[in-house]
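User: Please take a close look at a single part of the structure shown here, and set it in its surroundings for a reader who is new to it. I would like one connected account, with each term explained where it comes up.

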Amino acid sequence: MAVKIRLKRIGAKKSPFYRVVVADARAPRDGRFIEELGNYDPMSKKFVVDGDKALAWIKNGAQPTETVRSLLKKNGVLK
């Protein structure tokens, strides 16, 4: 099973807000997920994530999307 760390949109129209989740790659964007790791608010540039859980998932083979990877790098979770 291919597992991805990606963003799940939960915000209202023209007011985006995302949750950082671990999900099966075949699941829809806002569908079923395995675990929630944090959240991201692009309006206020606020990013909160459990870095230990994210690194554990990456070590177990989960692939972060490009957006999540850049956010993790900016916040010092990934090197």
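Analyst: A good place to start is Asp24, which counts as buried because its relative accessibility is 15%, where buried means under 20% relative accessible area, exposed means over 50% and partly exposed lies in between, with a 1.4 Å probe and protein chains only. This is a predicted model, in which local features need pLDDT of at least 70 and side-chain atom pairs count only at pLDDT 80 or more, while totals for chains, interfaces and linings use all residues. Residues are numbered from 1 along each chain as its sequence is written, and side-chain values use heavy atoms, with hydrogens and water left out.

Asp24 lies in strand β2, the part examined here; strands (E, at least two residues) and helices (H or I, at least four residues) are DSSP runs numbered from the N terminus. Leaving out residues up to four places away in sequence, Asp24 touches Met1, Ala2, Arg6 and Ile34, a contact being heavy atoms within 4.5 Å. The side chain of Asp24 is also joined to that of Arg26 by a polar contact of 2.9 Å. Such a contact is a pair of N or O atoms within 3.5 Å; within protein, one must be able to donate a hydrogen and the other to accept it, and residues adjacent in sequence count only if both atoms are side-chain atoms.

The burial of Asp24 fits the strand as a whole: 6 of the 7 residues of β2 are buried, so β2 is largely enclosed by the rest of the structure. Val22, also found in β2, counts as buried because its relative accessibility is 0%. With residues up to four places away in sequence set aside, Val22 touches Val3, Lys4, Ile5, Phe33, Ile34, Glu35, Leu37 and Trp57. The C-alpha atoms of Val22 and Gly51, which are 29 residues apart along the chain, are separated by 13 Å.

What lies on either side of β2? The open sheet of 5 strands has the order β4-β3-β2-β1-β5, with mixed pairing, and two strands pair if DSSP finds at least two bridges between them. The edge strands, each pairing on one side only, are β4 (46-49) and β5 (63-64). Helix α1 (residues 51-59) packs on this sheet, touching β1, β2, β3, β4 and β5, and its direction makes about 120° with that of β3; axes are lines fitted to C-alpha atoms, for helices over the stretch in contact, and angles run from 0 to 180 degrees between N-to-C directions.

Towards β1, β2 runs antiparallel and is joined by 7 bridges; Tyr18 in β2 is the bridge partner of Arg9, and Arg19 in β2 stands opposite Lys8. Towards β3, β2 again runs antiparallel, here with 5 bridges, and Gly38 in β3 is the bridge partner of Val20.

Val20 leads on to the interior. The largest nonpolar core has 16 residues, and Ile5 and Val20 are those with the most contacts inside it; a nonpolar core is a set of buried Ala, Val, Leu, Ile, Met, Phe, Trp, Tyr and Cys residues joined through side-chain atoms within 4.5 Å. Two or more residues of this core come from each of β1 (3-9), β2 (18-24), β3 (35-41) and α2 (66-74). Apart from neighbours within four places in sequence, Val20 is in contact with residues including Ile5, Leu7, Leu37, Phe47 and Val68.

Val68 is also one of the buried residues of α2, together with Leu71 and Leu72. They lie on the same side of α2 because they cover an arc of only 100° around the axis, the arc being that of the directions from the helix axis to the C-beta atoms. On the other side of α2, Glu66 and Lys74 are exposed. The cover over the buried residues of α2 includes β2, along with β1, β3, β4, α1 and β5.

Finally, the loop between β1 and β2 holds Lys14, which is exposed, with a relative accessible area of 74%. Phi of Lys14 is near 60°, a positive value in a residue other than glycine. Lys14 is touched by Met43, which also touches Pro16 when residues up to four places away in sequence are not counted. Met43 is found in the loop between β3 and β4 and is exposed, with a relative accessible area of 58%.
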